[in-house]
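Trainee: I would like to go through this model and ask how each label is earned. Can we set the values against the cut-offs?

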Amino acid sequence: MPVQAARARAAGMHVATWVVPGDKHNWTTARAALAAGLAWMQSRIGLAPADG
């Protein structure tokens, strides 16, 4: 992840990274990532009220 994030930043992309402590590449981590990503995306595509 650190290498890909650095490459994306170098290409001009906005990158956010976070770690789920104690987890690995599994469904527990995927569940947390999907929940966070969907919550962020919903307001931007009109599926939920905008933040703030």
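Mentor: What follows is a short round of questions on a predicted model.

Trainee: What makes up the secondary structure of the protein?

Mentor: Two helices and zero strands. Helix α1 covers 2–10. Helix α2 covers residues 27–44.

Trainee: How do you know how the protein compares with a compact globule?

Mentor: Use the radius of gyration. For 52 residues, a compact globule would come out near 10 Å, but the protein has 13 Å. The C-alpha trace spans about 35 × 30 × 15 Å along its principal axes.

Trainee: How much of the protein counts as buried?

Mentor: Of the 52 residues, 10%. Buried means under 20% relative accessible area. The exposed surface is about 4,600 Å², and carbon and sulfur atoms supply 64% of that area.

Trainee: Why is T29 called partly exposed?

Mentor: Its relative accessibility is 21%. Buried needs under 20%, and exposed needs over 50%. T29 therefore falls in between and counts as partly exposed. T29 sits in helix α2.

Trainee: Which residues does T29 touch, leaving aside neighbours within four places in sequence?

Mentor: V20, D23 and K24. Contact here means heavy atoms within 4.5 Å. As for V19, its C-alpha is 8.6 Å from that of T29, with their positions 10 residues apart in sequence.

Trainee: Why is N26 called partly exposed?

Mentor: N26 has 32% relative accessibility. That value lies between the 20% and 50% limits, so N26 counts as partly exposed. N26 is in the loop between α1 and α2. R44 is 18 residues from N26 in sequence, and their C-alpha atoms are 27 Å apart.

Trainee: What lines the largest pocket?

Mentor: M1, W18, V19, V20, D23, K24, H25, N26, T29 and A30. The volume of this pocket is about 160 Å³.

Trainee: How does the lining divide by residue type?

Mentor: Five are nonpolar, three polar and two charged. Asp and Lys count as charged, and the lining includes D23 and K24.

Note on methods:
Residues are numbered from 1 along each chain as its sequence is written. This is a predicted model: local features need pLDDT of at least 70, side-chain atom pairs count only at pLDDT 80 or more; totals for chains, interfaces and linings use all residues. Side-chain values use heavy atoms; hydrogens and water are left out. On a 1 Å grid over the protein atoms alone, a cavity is a set of points where a 1.4 Å probe fits but cannot get out, and a pocket is an open set with protein on both sides within 12 Å along at least five of seven lines; lining residues have an atom within 4 Å of a point. Grid points are joined across faces, edges and corners, and a volume is the space filled by probe spheres set on the points. Helices (H or I, at least four residues) and strands (E, at least two) are DSSP runs, numbered from the N terminus. The radius of gyration is taken over C-alpha atoms; the globule rule is 2.2 Å times the number of residues to the power 0.38. Buried means under 20% relative accessible area, exposed over 50%, partly exposed in between (1.4 Å probe, protein chains only). Accessible areas come from the Shrake-Rupley method with a 1.4 Å probe; for residues, only the protein chains shown count as cover.
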